[in-house]
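Reader: I would love a close look at the enclosed space in this model, and at whatever surrounds it. Please take your time and keep it connected, since I like to see how one part leads to the next.

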Amino acid sequence: MITPTEPDEATAAFIAGMPKAELHVHLEGTLEPVQRLEFAQRNAVALPENDVAVYTDLTSFLASYYPNMAVLQTERDFFDLAYAYLTKATAQGVRHTEMFFDPQAHTSRGIPFSTVITGYHDAVVRAEFEFDISAQLILCFLRDHSAESAMDTLAESLSYRHWIVGVGLDSDERGNPPSKFAAVFARARAEGYLLTMHCDVDQPNSIEHIRQAIEDIGVDRIDHGTNILEDPRLVALARDRGIGLTSCPLSNAVVSDGGKAPEIVELLRAGVKITVNSDDPPYFGGYLTENLLALAATTDLTRDEFVRLQRNAFEISWISAVDRDAHLARLDAYVAGWAR
Ligand code: ADE
Ligand code: ZN
């Protein structure tokens, strides 16, 4: 039984100041309304008169999400979008981030892959130079597009292989199981990419999709994936193989019945490497710190357990062992500083 408790001021400050890793954020999902206006003006893209969006599930969210991308046209737009996110993330104590991008959402409307990846990559290089942050790009395939389109996108990505750490799978899960992309993910693995995929919360066949992701595809991580609790065998498998789950409480609270806080607590306490992330921050009401504070307000998680969530994030991140250990040492030093 979980007793919700608002975090006291000191705990909130502890959470806000913690060195963090974020592993589940969609760059296109970081588009703030004010940026959308700015990009629309400079690219002369007309916006609908009255476009206040209401969404209550994944499908209705995506229906307002993709049209907003029409304002992203030039390399500068992609640069500015990623650079703004990296600036905000740095201010929240994020020291390492792995960011999704959706090339097909742009190539399908005539924007070249090279424009998208060059803008994003330049922002990564600039932010790494200017801020105390490291950042990597994960290419996501749109699961409601064909497997052939995903395979073509994978082939196109290979010219930029050194700028991309892994591949993922996002968009509308209904009727688009992991198995549809088995050959694409096998080829991606052979090319040296690390593998993750969305198993969004409370989808039709969620647990079968999670099983396919783990047993048939052999993913390294799962994005969301809290429905894994429906099958204790898969929970044990994820725990034993160290397969990370990247959960997003504020996003889950909008597209499903709740923020999945009890599930996150249960999985953390079962020893699964679960983490907290922001998904699409302006769409769901908060960046990483706000997601952690929302979890603090709705669970009895202790400070040690918030530290465990961040340890998990560094441990399942796709960085070198040396960098990972440096991040973990910095986290330990932060905790020790508070204990003094
Ligand atoms: N694209 C952006 N956010 C997403 C999410 N939470 N699930 C699936 N696709 C997405
Ligand atoms: Zn997501």
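Author: Happy to. A cavity here is a set of grid points where a 1.4 Å probe fits but cannot get out, whereas a pocket is an open set. The volume of either is the space filled by probe spheres set on its points. With that in hand, and remembering that this is a predicted model, we can start counting: the structure holds two cavities of 30 Å³ or more.

The largest cavity has a volume of about 130 Å³. Its lining is made up of 17 residues, and H26, L58, F61, H198 and D280 are the ones closest to its centre. Sorted by class, that lining contains seven nonpolar residues, five polar ones and five charged ones. Two helices, α3 and α11 (249-255), supply at least two lining residues each. Of the elements around this cavity, α3 has the largest share, with five residues.

The second largest cavity encloses about 30 Å³ of space. The residues around it are E22, Y85, K88, A89, Q92, V94, Y287 and L288. Here helix α4 (residues 75-91) gives the most to the lining, namely three residues. The class count for this cavity is five nonpolar, one polar and two charged.

Let us go back to H198, one of the residues closest to the centre of the largest cavity, and use it as a way into the sheet. H198 stands opposite D223 in β6. A neighbouring pair is M197, which stands opposite I222 in β6. Both pairs belong to the contact of β5 with strand β6 (residues 221-224), where the two strands run parallel and are joined over four bridges. For background, strands of a sheet pair through backbone hydrogen bonds, either parallel or antiparallel. It also helps to recall that in a regular strand the side chains alternate between the two faces of the sheet.

Strand β5 covers residues 194-199, and five of its six residues are buried. Its other partner is strand β4 (residues 164-170), again in the parallel sense, this time over two bridges. In that pairing, V167 stands opposite L195 in β5. The connections follow one handedness on either side of β5. From β4, the path through helix α8 (residues 182-190) to β5 makes a right-handed β-α-β unit. From β5, helix α9 (residues 206-217) leads on to β6, and these three elements also make a right-handed unit.

Strand β4 deserves one more stop, as G166 has its place there. G166 counts as buried because its relative accessibility is 0%, and buried means under 20%. In sequence, G166 and R211 are 45 residues apart, with 20 Å between their C-alpha atoms in space.

Stepping back, these strands are part of an open sheet of eight, in the order β1-β2-β3-β4-β5-β6-β7-β8, with parallel pairing. At its edges are β1 (20-26) and β8 (274-276), each of which pairs on one side only. On average, neighbouring strands in this sheet are turned by 25° against each other, direction ignored.

For contrast with the enclosed spaces, here is the open one. The largest pocket has a volume of about 340 Å³. Its lining counts 20 residues, and R36, D51, S64, N68 and Y283 lie nearest the centre. Two or more lining residues come from each of α2 (33-43), α3 (58-68) and α13 (281-284). Once more α3 provides the largest share, this time four residues. By class, the pocket lining divides into 15 nonpolar, two polar and three charged residues.

One helix of that pocket also holds a residue worth a glance: F39 is found in α2. At 1% relative accessibility, F39 counts as buried, since the cut-off for that is 20%. F39 and R76 are 37 residues apart along the chain, while their C-alpha atoms are 9.7 Å apart in space.

If you keep one thread from this tour, let it be helix α3. It gives the largest share to the lining of the largest cavity, and α3 does so for the largest pocket as well.

Terms used. Residues are numbered from 1 along each chain as its sequence is written. Chains are lettered from A and ligands numbered from 1 in the order in which they are written. This is a predicted model: local features need pLDDT of at least 70, side-chain atom pairs count only at pLDDT 80 or more; totals for chains, interfaces and linings use all residues. Side-chain values use heavy atoms; hydrogens and water are left out. On a 1 Å grid over the protein atoms alone, a cavity is a set of points where a 1.4 Å probe fits but cannot get out, and a pocket is an open set with protein on both sides within 12 Å along at least five of seven lines; lining residues have an atom within 4 Å of a point. Ala, Val, Leu, Ile, Met, Phe, Trp, Tyr, Cys and Pro count as nonpolar, Asp, Glu, Lys and Arg as charged, and the others, Gly among them, as polar. Buried means under 20% relative accessible area, exposed over 50%, partly exposed in between (1.4 Å probe, protein chains only). Two strands pair if DSSP finds at least two bridges between them. A crossover is right-handed if, with the strands pointing away from the viewer, the path from the first strand over the helix to the second runs clockwise. Axes are lines fitted to C-alpha atoms, for helices over the stretch in contact, and angles run from 0 to 180 degrees between N-to-C directions.
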